[in-house]
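Visitor: Could you take me on a close look at one part of this protein, the nonpolar core, and show me what sits around it? I'm in my first year, so please go step by step.

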Amino acid sequence: MKKMLTLACACAVLSLALTAGAAQAQTLQRTTFFTFTDTVMLPGMTLPPGTYMFSLVDDATSRRVMRVANREGTHTYGLLITVGASRQVPADEPELHFLEARRGMPLPIAMWWYPGDTVGREFIYSDEEEMQLAGRDPGVTITGTR
């Protein structure tokens, strides 16, 4: 009987530990959902209208990697390297900032903010993508003068 009681207590403690770990993992991932009515752009990809899950990948690289997936999280569209972006006042709700783009281009997402945080994540576009957004031919070299 004593062994049975000990085993039951051990199972209860293990169950609580696993539940707490899962809740902590969800918080660390900073999962947010956004619904787009138009096509949007992220580095290396274009997303059609729909609902997407944005979450930080909890890894040893100080959580610089952002995962973009479908609403259910069953299909990953991309794992994107980001850099920190600071602001003085935290966002009240999940928030995205967009870059300007030339007419006819999908709206490029620039930054992502999690509610209550003053540090968000900025997406890194390649030089070629930035030139396309600005309407310049990436094959043309632009030089300045003194």
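Guide: Happy to; we start with the whole chain, move into the core, and then go on to its surroundings.

What you see is a predicted model. The protein chain has two helices and nine strands, and from the N terminus on they run α-β-β-β-β-β-β-β-β-β-α. Of its 146 residues, 29% are buried. Among contacts between residues at least 6 apart in sequence, 47% join residues at least 24 apart.

Now for the core. In soluble globular proteins, nonpolar side chains tend to be buried together. Here the largest nonpolar core has 19 residues, and Phe 36, Leu 42, Phe 54, Ile 109, Trp 112 and Phe 123 are those with the most contacts inside it. Several strands each supply at least two residues of this core: strand 1 (32–36), strand 2 (40–42), strand 3 (45–47), strand 4 (50–56), strand 5 (65–70) and strand 8 (107–113).

Let's pick out Trp 112. Which residues does Trp 112 contact, leaving aside its neighbours within four places in sequence? Earlier in the numbering you will find Arg 30, Thr 32, Phe 34, Phe 54, Leu 56, Met 66, Glu 95 and Leu 96. Trp 112 is also in contact with Gly 120, Arg 121 and Phe 123.

Next, find Val 40 in strand 2. Is Val 40 buried or exposed? Its relative accessible area is 4%, and buried means under 20%, so Val 40 counts as buried. Not counting residues up to four places away in sequence, Val 40 touches Met 45, Thr 46 and Leu 47, along with Phe 98, Pro 106, Leu 107 and Ile 109. For a sense of distance, the C-alpha atoms of Val 40 and Gly 50 are separated by 9.9 Å, with their positions ten residues apart along the chain.

One of those partners, Phe 98, deserves its own stop. Phe 98 lies in strand 7 (residues 95–98). With a relative accessibility of 36%, Phe 98 falls between the 20% and 50% cut-offs, so this residue counts as partly exposed. Beyond its neighbours within four places in sequence, Phe 98 is in contact with Phe 36, Val 40, Leu 107, Pro 108, Ile 109 and Ala 110. Phe 98 and Met 111 are 13 residues apart along the chain, yet their C-alpha atoms are separated by 6.9 Å.

Then comes helix 2 (residues 127–134), where Glu 129, Met 131 and Leu 133 are buried. The buried residues of this helix pack against strand 2 and strand 8. After helix 2 comes Gly 135, with a positive phi near 90°.

Nonpolar residues can be found on the outside too. Ile 81, Val 83 and Ile 124 form a nonpolar patch on the surface, with about 230 Å² of accessible area together. Ile 81 belongs to strand 6 (residues 76–86), and its 45% relative accessibility makes this residue partly exposed.

Finally, a word on confidence. The mean pLDDT of the protein chain is 78, and 70% of its residues reach 70 or more. Over residues 3–27 the pLDDT is below 50, and this stretch has one contact in the model beyond near neighbours in sequence. Residues 138–146 also stay under 50, with five contacts beyond four places in sequence.

Notes
Residues numbered from 1 in each chain as written. Predicted model: local features only at pLDDT ≥ 70, side-chain atom pairs only at ≥ 80, totals over all residues. Heavy atoms only, no water. Core = buried A, V, L, I, M, F, W, Y, C linked by side-chain atoms within 4.5 Å. Buried < 20%, exposed > 50% of the residue type's maximum accessible area, 1.4 Å probe, protein only. Helix = DSSP H or I, 4+ residues; strand = E, 2+ residues; numbered from the N terminus. Contact = heavy atoms within 4.5 Å. Patch = residues over 30% accessible without salt bridge, like charges linked within 9 Å, V, L, I, M, F, W, Y side chains within 5 Å. Areas by Shrake-Rupley, 256 points an atom, 1.4 Å probe, with all protein chains shown as cover. Salt bridge = Lys/Arg side-chain N within 4 Å of Asp/Glu carboxyl O. pLDDT = per-residue confidence, 0-100.
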